[in-house]
Amino acid sequence: MSSGYGITNLLTGLAASAFTWSSGYTTDRDKLNDGKQDEVAAGSSSAQASGQTLTVNLGSAQAVAAIALLSHNLATGACTVAVTYADDAGFTTGTGTAKAASTINTSAPHDKDTVLQFPSVTKQYWRLTFMHTGTKTLRLGEVLFFGSLTTLSRQSAYGDGESSVFPQNRVRTDTGAERATVLAAEIRTKRLDYKDLRGTSERDELMGMWRAALGGARNLLFVDLISSSATAAAAEEMQCMWAKLAPSMGWTQDDYALFTITGVTLTGLGREAGS
């Protein structure tokens, strides 16, 4: 069991026209790849029946091995998501299923962000199909496509920790009443301890992650469990965090060829306002 991460989002720079909802709701598709998971795109202007789809045109055939859905509202209604692909916009040639329908994790704090991992497939057109009970107005804060995820060869050690916060923007009115804007989900901070790393290669893996993220200047998708399979994902295989690393990170040599990495801290990005 290994964790890992992804940084380069294949959707960065795509126009809003690259995203097509089956419901035809098009007014905020640009929010799906703006890098801000607190700006939420709607899949429809009103509640829709099960089976709504989101189709993404990458512009050319590209290898995809993981798709992340962030700040979504998919944890209710027994929602599942399946990933399919094709060579053409009509999904008539070169079609296949990259990821079988997977039931969204409903346990906090993993119920707002989901990653779907599968063996790499090179295609231009990709489709997410959302199935659920009753009707639903889909909401997605961000969609990320990754050509690959980098696997860390060592898991963190005992001593990890996590904290969460619901930031509140409080104001006082002229009558003395207090009002607050509450976020729809908590913002997480995860601290990872890496001890007794064997040799410089395991040390350099983690320092490489920090350098790839430019010390927190670039967002990073941290995946709790790397699992490349086309079958339906288990809950723990979908756990992820869209976050920034701490600006500084370092290591100490505790013994011959044994190292400890300090400062591996991930802080989640902002959330949409909600209740």
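How many cavities of 30 Å³ or more does a search of the whole structure find? Here are some notes on that and a few other points; please keep in mind that this is a predicted model.

1. **The cavity.** The search of the whole structure finds one cavity of 30 Å³ or more. The space in the largest cavity comes to about 50 Å³.

2. **Its lining.** The residues that line the largest cavity are Gln37, Asp113, Glu186, Ile187, Arg188, Met241, Trp242, Gly268, Leu269 and Arg271. By class, the lining divides into four nonpolar, two polar and four charged residues. Strand S14 (187-198) and strand S16 (240-245) each supply at least two residues of this lining.

3. **The main core.** You may like to look next at the largest nonpolar core, which has 32 residues. Leu54, Ile67, Trp126 and Phe130 are those with the most contacts inside this core. At least two core residues come from each of strand S2 (19-21), strand S4 (52-70), strand S5 (80-86), S7 and strand S9 (142-146). Besides this one there is a second, separate core of 21 residues, with Leu220, Phe222, Leu245 and Ile261 among them. As general background, nonpolar side chains in soluble globular proteins tend to be buried together.

4. **Leu54 in detail.** Setting aside residues up to four places away in sequence, Leu54 touches Phe19, Thr20, Trp21, Leu32, Trp126, Arg127, Leu128, Phe130, Leu140 and Val143. Two of the names in that list, Trp126 and Phe130, also appear with Leu54 among the residues with the most contacts inside the largest core.

5. **Gln124.** Is Gln124 buried or exposed? Gln124, in strand S7 (residues 114-131), has a relative accessible area of 18%. Gln124 counts as buried because that value is under the 20% cut-off. The side chain of Gln124 makes a polar contact of 2.9 Å with the side chain of Asn57, and another, of 3.4 Å, with the side chain of Tyr125. Leaving out residues up to four places away in sequence, Gln124 touches Val56, Asn57, Leu58, Gly59, Ser60, Ala61 and Ala86.

6. **Glu236.** This residue sits in the loop between strand S15 (220-223) and S16. Glu236 has a relative accessible area of 42%, so the residue is classed as partly exposed, in between the 20% and 50% cut-offs. Glu236 and Ile226 are ten residues apart in sequence, and their C-alpha atoms lie 9.7 Å apart in space.

Notes. Residues numbered from 1 in each chain as written. Predicted model: local features only at pLDDT ≥ 70, side-chain atom pairs only at ≥ 80, totals over all residues. Heavy atoms only, no water. 1 Å grid on protein atoms, 1.4 Å probe; cavity = no way out; pocket = protein on both sides within 12 Å on 5 of 7 lines; lining within 4 Å. Points joined across faces, edges and corners; volume = space filled by probe spheres on them. Helix = DSSP H or I, 4+ residues; strand = E, 2+ residues; numbered from the N terminus. Nonpolar A, V, L, I, M, F, W, Y, C, P; charged D, E, K, R; others polar. Buried < 20%, exposed > 50% of the residue type's maximum accessible area, 1.4 Å probe, protein only. Polar contact = N/O pair within 3.5 Å; in protein donor to acceptor, adjacent residues only side chain to side chain. Contact = heavy atoms within 4.5 Å. Core = buried A, V, L, I, M, F, W, Y, C linked by side-chain atoms within 4.5 Å.
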